[in-house]
Amino acid sequence: MLAPLNPADPGFARDPYPYYAHLRSRGPAVRVPLANGTHAWLVTGHRQAREVLADPRFSNVPPQGAGRPKQDSPAQRARGCLARHMLNSDAPDHTRLRRLTTAAFTPRRVDALRPRIERLTDGLLTELSGRLAREGTADLVDHFAFPLPVLVIGEVLGVPEADRADLRTWTYRVGSPADALEDGAADDAWTRLHAYFTELIATKRDAPGDDLFSTLVHDADEGGLDDGELLAMAFLLLFAGYETTMNLLASAALLLLTHPQELADAQQGGPGYWAAVTEEVLRHASPLEGTTWRRTTEAVDLGGGTVVPAGASVLVVLAAAGRDPEYFPDPDAFRPARHRSGGERPAPHLAFGHGPHFCLGSRLARLEAAVALPRLFAALPDLRLAADPEALPYRPGLLVRGPRTLPVRSG
């Protein structure tokens with residue numbers, strides 16, 4: 001019998017992969033008891049994960065009252081509004097919301113951010129280099145992996161720079177298990193996010209800028225998203241736009257600093273090898289540990305005698321699917337070369353999801369990594385870890401994953 005899983009446990013957060021391998025040995029999906037007294041089906045097999053993500057019988061719409069704060073509280077109303085985003089919807093609502101967002105979030109518009117990302121990266125690296133010279137050590141999460149995607153998503157949302165630290169705090173709290181926070185911290189964060197985005201929408205309506213969110217607000221006035229959907233979209237863009245990329249950059253830096261040969265190969269290999277590094281980080285250390293929760297609308301047979309009953313809570317564990325030995329030889333090894341043209345051509349990883357809910361921000365995340373990683377190691381070629389990698393604290397929970405701190409030194 002499985003012991004209750006506590007996602008807030010620091011040991012599990014740091015290294016969940018042995019647990020996921022154990023689950024996979026029991027079947028492609030296993031009913032797991034959780035520390036909060038509930039149960040959920042965790043899908044760990046790569047093939048089954050792809051099937052579930054594309055199967056409309058696994059609904060993304062949260063059941064009424066699921067995970068809400070106390071009845072009729074301000075936090076309940078705020079969370080209910082902000083949670084109306086398209087990841088928590090099914091067709092046809094999801095189809096409409098995705099179409100409206102895709103129209104504003106075009107590849108051309110994303111790629112046009114490259115010069116700005118390059119300038120932001122270079123500015124942060126100048127500050128980081130100065131800090132290392134003055135203090136000897138610095139936290140690569142606080143001074144690089146976090147501020148870069150926050151600055152970039154601030155450009156997308158048109159958020160003033162002075163507000164971005166608060167947004168980081170609030171999104172961290174709403175994405176963490178309740179038992180990993182002080183009492184009331186999550187409720188307070190939901191309420192503050194709702195109030196902030198309500199004011200931001202009003203500002204964009206009165207004085208639109210050239211940012212993507214102003215485009216969405218303007219389109220809403222022309223029959224696009226309503227005010228509630230705009231609030232939810234702002235939250236989704238913020239949370240998905242910085243959390244995923246922050247964890248991608250931090251995990252990539254950590255893996256390269258602990259794999260010097262792979263770092264040397266990347267420095268000598270050019271853009272193609274850096275792209276392979278990004279794909280291998282996404283597989284090996286998926287910044288999205290799991291998808292949003294799903295619920296079965298009917299019993300579903302996943303094969304091998306595994307039947308998920310109707311009404312079951314289901315989580316597709318992307319981090320586990322990326323290490324399925326049936327699809328990825330030597331799955332626990334970090335080997336960017338496997339993603340290079342002419343290499344082994346492994347199965348596509350699922351770090352950005354699959355099917356109708358495939359992440360719209362994946363292009364932006366890859367662009368930020370393509371700019372940031374080679375610049376980081378070119379500007380600081382003698383960068384070293386200043387802490388035991390096995391003792392680093394990790395983000396708690398089953399949603400996003402990455403080191404919370406990454407102390408480094410130069411030389």
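A residue is called buried when its relative accessible area is under 20%, exposed when it is over 50%, and partly exposed in between (1.4 Å probe, protein chains only). Helices (H or I, at least four residues) and strands (E, at least two) are DSSP runs, numbered from the N terminus.

This is a predicted model, in which local features need pLDDT of at least 70 and side-chain atom pairs count only at pLDDT 80 or more, while totals for chains, interfaces and linings use all residues. Residues are numbered from 1 along each chain as its sequence is written, and side-chain values use heavy atoms, with hydrogens and water left out.

**Exercise 1. Find the buried residues of helix α14 and work out where they sit around the helix.**

Step 1. Go to residues 260-269, which make up α14; the buried residues here are E262, L263 and A266.

Step 2. Look down the axis of α14: the buried residues fall within an arc of 100° (taken from the directions from the helix axis to the C-beta atoms), so they line one face of the helix. A general rule helps here: an α-helix has 3.6 residues a turn, so residues three or four places apart point the same way.

Step 3. Turn to the other side of α14, where P260 and Q268 are exposed.

Step 4. Now look for the partners. The buried residues of α14 pack against α13 (227-257), α15 (271-284) and α17 (362-379), where contact means heavy atoms within 4.5 Å.

Step 5. Finish just past the helix: G270 has a positive phi of about 80°.

**Exercise 2. Describe the hairpin made by β1 and β2.**

Step 1. Pair the strands (DSSP must find at least two bridges between them). β1 and strand β2 (residues 39-43) run antiparallel and are joined by five bridges.

Step 2. Pick out one facing pair: R31 stands opposite W41 in β2.

Step 3. Inspect the turn. Five residues lie between the two strands, and G37 in the turn has a positive phi of about 95°.

Step 4. Check the surroundings of β1 (residues 29-33): four of its five residues are buried, so the strand is largely enclosed by the rest of the structure.

**Exercise 3. Work out the strand order of the open three-stranded sheet, and say which strands stand at its edges.**

Step 1. The order is β4-β10-β9, and the pairing is antiparallel.

Step 2. β4 (137-139) and β9 (383-385) each have a single partner strand, so they stand at the edges, with one side of each left without a neighbour in the sheet.

Step 3. From one strand to the next, the twist averages 40°. For such angles, axes are lines fitted to C-alpha atoms, for helices over the stretch in contact, and angles run from 0 to 180 degrees between N-to-C directions.

Step 4. Three bridges join β9 to β10 (residues 407-410), and L383 stands opposite S410 in β10.

Step 5. Add the helix: α7 (residues 114-135) lies across β4, β9 and β10, running at about 135° to β4.

**Exercise 4. Track down the unusual backbone geometry at P92 and D330.**

Step 1. Start from the general rule: most residues other than glycine have a negative phi, and most peptide bonds are trans.

Step 2. A91 and P92 are joined by a cis peptide bond, with omega about 5°. P92 sits in the loop between α4 (74-82) and α5 (93-104).

Step 3. D330 is not a glycine, yet its phi is positive, near 50°. D330 belongs to the loop between α16 (318-321) and α17, and at 47% relative accessibility it counts as partly exposed.
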